[in-house]
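Visitor: I should like to take a close look at one part of this protein, the surroundings of its ligand. Please guide me through it.

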Amino acid sequence: MLTKADMTATILSNSEVAPEHYLMTLAVSGAFRDARPGQFVMLRPAGRGFPFLGRPLGIYSLAEYGNGARIEILYRAAGKGTKVISTLCEGDRIEILGPLGNRFELRPGMKTAVLMAGGIGIAPLVFLAENLSVNAPPEGLKMMLYIGARDSASLLGIDRMKNFGAEVRVSTDDGSAGYRGPVTDLFRKDLASFDASKTEVFVCGPNPMLKRVSEMIADRPVPCQVLMEERMACGMGACLGCTIEVRTPSGVEYRQVCADGPVFDLRSIVWR
Ligand SMILES: Cc1cc2nc3c(=O)[nH]c(=O)nc-3n(C[C@H](O)[C@H](O)[C@H](O)COP(=O)(O)OP(=O)(O)OC[C@H]3O[C@@H](n4cnc5c(N)ncnc54)[C@H](O)[C@@H]3O)c2cc1C
Ligand code: FES
């Protein structure tokens, strides 16, 4: 059972790194030292009436910091809640609940990790790559990143991925960097070359992209884990606001992304 901390954290920095995209660094409690790739936090500005509910954001990086830990959050100011969070400054306090959720599973026999990100879906995958390269790298592991974004300015985290040893394939909607078109085109070209018994795919991005990947791998045995970015309210399995449908051996069942996920077997997801 992972320890959960419900408290406030101090913002060490919070700055715009690309149009509409921000990088926030937080000093958090020692409970976060055990956080694992795939886990997330619920964040809410302290002492403000809005937003009333926290917003779920993935962990981008983790390091020890004094007696506690320091985490980074890479986020897009997508709507009202994250826009308010983007106005917070160094020294401000923020309510934080976490680390929450399950984690990406790492198979012992994995020789190739294929990471695939759409837009800000890169954030939790950078933490995964950090973990794979720094903490306990499986021997001889090859890491590949497929990343797509609307334009070159929205391509984030690539330098870190390269530092972690990943081979990077880039696409943009407008052709301002890499291949012009969806990142799933690049993935499909290479899919046949992956040895399914030694490869694991990890994917995070908008639902249309995830659905496309699930169609591509349907007749291939390669394992694929997905981090689902569902809308959330409580973040703790109480409100059922983040319910999705998954296929199980006994039929279609409901799952809460916050408590049962956010990481699932991509093949199990029922797309509506
Ligand atoms: C486990 C998890 C991890 C996440 N990690 C990150 C991260 O690391 N970085 C990051 O930028 N975002 C991440 N998200 C998405 C983030 O939670 C939403 O963008 C945020 O909650 C939007 O809140 P808002 O009040 O700013 O926008 P709202 O005003 O609520 O919505 C603005 C727009 O975003 C859409 N939206 C709202 N919530 C989501 C959602 N959960 N997924 C997709 N679209 C949404 C709305 O439909 C609307 O179009 C994550 C979500 C989950 C569940
Ligand atoms: S957000 Fe409340 S049950 Fe998941």
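Which of the 22 residues around ligand 1 come nearest?

Guide: In this predicted model, the residues that come nearest to ligand 1 are Gly 58, Gly 79, Gly 81, Thr 82 and Ala 123, out of 22 around the ligand. Two strands and two helices each give two or more residues to this shell: strand E4 (55-58), strand E6 (68-76), helix H1 (80-86) and helix H2 (122-135). The largest share comes from E4, with 4 residues. Sorted by class, the shell around ligand 1 holds 12 nonpolar, 6 charged and 4 polar residues.

The domains place this shell in a wider setting. The domain assignment lists domain 1 (5-100), domain 2 (112-221) and domain 3 (228-272). The centres of domain 1 and domain 3, taken over C-alpha atoms, are separated by 23 Å. In their contact, domain 1 takes part with 8 residues and domain 3 with 6 residues. On the side of domain 1 that touches domain 3, strand E3 (40-45) and strand E7 (93-100) give two or more residues each. That side has 6 nonpolar residues, 2 polar residues and no charged ones.

Beyond this contact, there is also a sheet to consider. An open sheet of 7 strands runs in the order E11-E10-E9-E8-E12-E13-E16, with mixed pairing. Strand E11 (179-180) and strand E16 (263-265) are the edge strands, each pairing on one side only. Within the sheet, strand E12 (residues 199-204) and strand E13 (residues 224-227) pair in the parallel sense over 3 bridges, and Val 201 stands opposite Cys 224 in E13.

Methods: Residues are numbered from 1 along each chain as its sequence is written. Chains are lettered from A and ligands numbered from 1 in the order in which they are written. This is a predicted model: local features need pLDDT of at least 70, side-chain atom pairs count only at pLDDT 80 or more; totals for chains, interfaces and linings use all residues. A residue is near a molecule or strand if its C-beta atom, placed from the backbone, lies within 6 Å of it. Ala, Val, Leu, Ile, Met, Phe, Trp, Tyr, Cys and Pro count as nonpolar, Asp, Glu, Lys and Arg as charged, and the others, Gly among them, as polar. Domain bounds come from an automatic or database domain assignment. Two residues are in contact if their C-beta atoms, placed from the backbone, lie within 7 Å. Two strands pair if DSSP finds at least two bridges between them.
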